[in-house]
Amino acid sequence: MKRALALSLAAVLVVLWIGPASAQYKATMRLASALPMDHPYMVGAQKFADLITERTKGRIVIKLYPSNQLGKGEREMTEGIQQGAIDLLVTSTGPLGGFSPSINILDFPFLFRNVNHVDLVLDGPIGRKLLDDFEKAQIKALSFWENGFRHLTNSKVAVRNVVDAKGLKIRTMENKIHLSAWKDAGLNPTPMAWGEVFTALQQRVIDGQENPIAVFYSSKFWDAGQKYFSLTSHVYSPAPFIMSKKTFDAMPKEDQALFLETSYEVGKFQRKVNRDAEEAKLKEIAAKGVTVIQDVDRESFKKAMGPTYEAFSSQFPKADIETIMNAK
Ligand code: EAX
């Protein structure tokens, strides 16, 4: 009894003398994304890096690697996260279904009414469950940041409804639901890694692509011959902020909690940065000679893409789809 008491007293003294485990933990981590420093992904990344270094009094330093510096595309960089070669990544859900299939439930066209509906779901229990599902793939998904509502752009025709878009050869993410939806809509979609899109547009291998305003803007797609920007808002694109489970598990509990809290805090900040900048960016895109089409018949796309919902919805818990759709 005396011996046990002496041992625990010694342990407490050691902790008091050395300080909580986190006090000893030091690391330099690598945070990557496919997009450049002026894109909201990296604006969020810079904020996260600054807050973590400040809140750990310099023990943890995060270096930023934008524009696919650490991999050809989001699929390769996500594999880098699994292997622990990359510590942190802001990515679209494009290739993530191959790592955690449940995440694709968010990729159904016209699933979300607006950004408030998005926040309700992603910051709620369903969002947390979808993030936790990544653990099976050796990935610690911290929180949801934002890519945004996606819009159709092309070099050939002013698209105001689904009929105008018929036959357009467009690039989609490597996402089976997106691919199916555009086929249903009568277009000619081809999946392609992000790093290949600009050249494929420039060389007219494809007529168009679909992405949020900030991606089109920071990629300067007007220089790749994109002339028409139709505000289809056909699908919402979340950006999970993910971490190598190896790196996460190696951190003391206090730092793990700090990373989770700070990632949610920055997630809200990053979404606001993305949303607040859209209008001004759209004006600049128009000033670059791109025809921006606001009056798009979105119902025509929703109706045309309906069969994809029928074809894929059985792959996801019916209750989850209903909970997402009915969230208010
Ligand atoms: O994550 O691949 C895509 O179209 C994504 O939106 C882009 O990589 C940003």
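Modeller: Ala, Val, Leu, Ile, Met, Phe, Trp, Tyr, Cys and Pro count here as nonpolar, Asp, Glu, Lys and Arg as charged, and the others, Gly among them, as polar. The model is predicted, with local features needing pLDDT of at least 70 and side-chain atom pairs pLDDT 80 or more, while totals for chains, interfaces and linings use all residues. Residues are numbered from 1 along each chain as its sequence is written, and side-chain values use heavy atoms, leaving out hydrogens and water.

Colleague: Thanks! How many charged residues does the shell around the ligand have?

Modeller: Around the ligand (a heavy atom within 4 Å) you will find Leu35, Tyr41, Glu74, Ser92, Asn147, Arg150, Arg171, Met173, Trp194 and Asn211. Sorted by class, that shell has 4 nonpolar and 3 polar residues, and the charged ones number 3.

Colleague: How far is a polar side-chain atom of Asn211 from an oxygen atom of the ligand?

Modeller: Let's take the polar contacts (N or O pairs within 3.5 Å) in turn. The side chain of Arg150 has an N or O atom 2.9 Å from a ligand oxygen, and for a polar side-chain atom of Arg171 the distance to a ligand oxygen is 2.7 Å. For Asn211, a polar side-chain atom and a ligand oxygen are separated by 2.7 Å.

Colleague: And how much of the ligand's accessible area does the protein cover?

Modeller: On its own, the ligand has 260 Å² of accessible area (Shrake-Rupley, 1.4 Å probe). The share covered by the protein is 99%.

Colleague: Which element gives the most to the lining of the largest cavity?

Modeller: The ligand takes up the space of the largest cavity, a site where a 1.4 Å probe fits on a 1 Å grid but cannot get out, lined by residues with an atom within 4 Å of a point. This cavity has a volume of about 170 Å³, and Glu74, Ser92, Arg171, Met173 and Trp194 lie nearest its centre among its 20 lining residues. At least two lining residues each come from helix H4 (74-83) and strand E4 (139-154). With 3 residues, the top contributor is H4.

Colleague: What about the other one: how many charged residues line the second largest cavity?

Modeller: The structure holds 2 cavities of 30 Å³ or more, and the second largest has about 30 Å³ of space. Its lining consists of Pro109, His178, Ala181, Trp182, His234, Val235 and Met305, with helix H7 (176-184) and strand E8 (228-244) giving two or more residues each. H7 leads there with 3 residues. By class, this lining has 5 nonpolar and 2 polar residues, and its charged count is no residues.

Methods: A polar contact is a pair of N or O atoms within 3.5 Å; within protein, one must be able to donate a hydrogen and the other to accept it, and residues adjacent in sequence count only if both atoms are side-chain atoms. On a 1 Å grid over the protein atoms alone, a cavity is a set of points where a 1.4 Å probe fits but cannot get out, and a pocket is an open set with protein on both sides within 12 Å along at least five of seven lines; lining residues have an atom within 4 Å of a point. A molecule sits in a cavity or pocket if more than half of its atoms lie within 2 Å of its grid points. Grid points are joined across faces, edges and corners, and a volume is the space filled by probe spheres set on the points. Helices (H or I, at least four residues) and strands (E, at least two) are DSSP runs, numbered from the N terminus.
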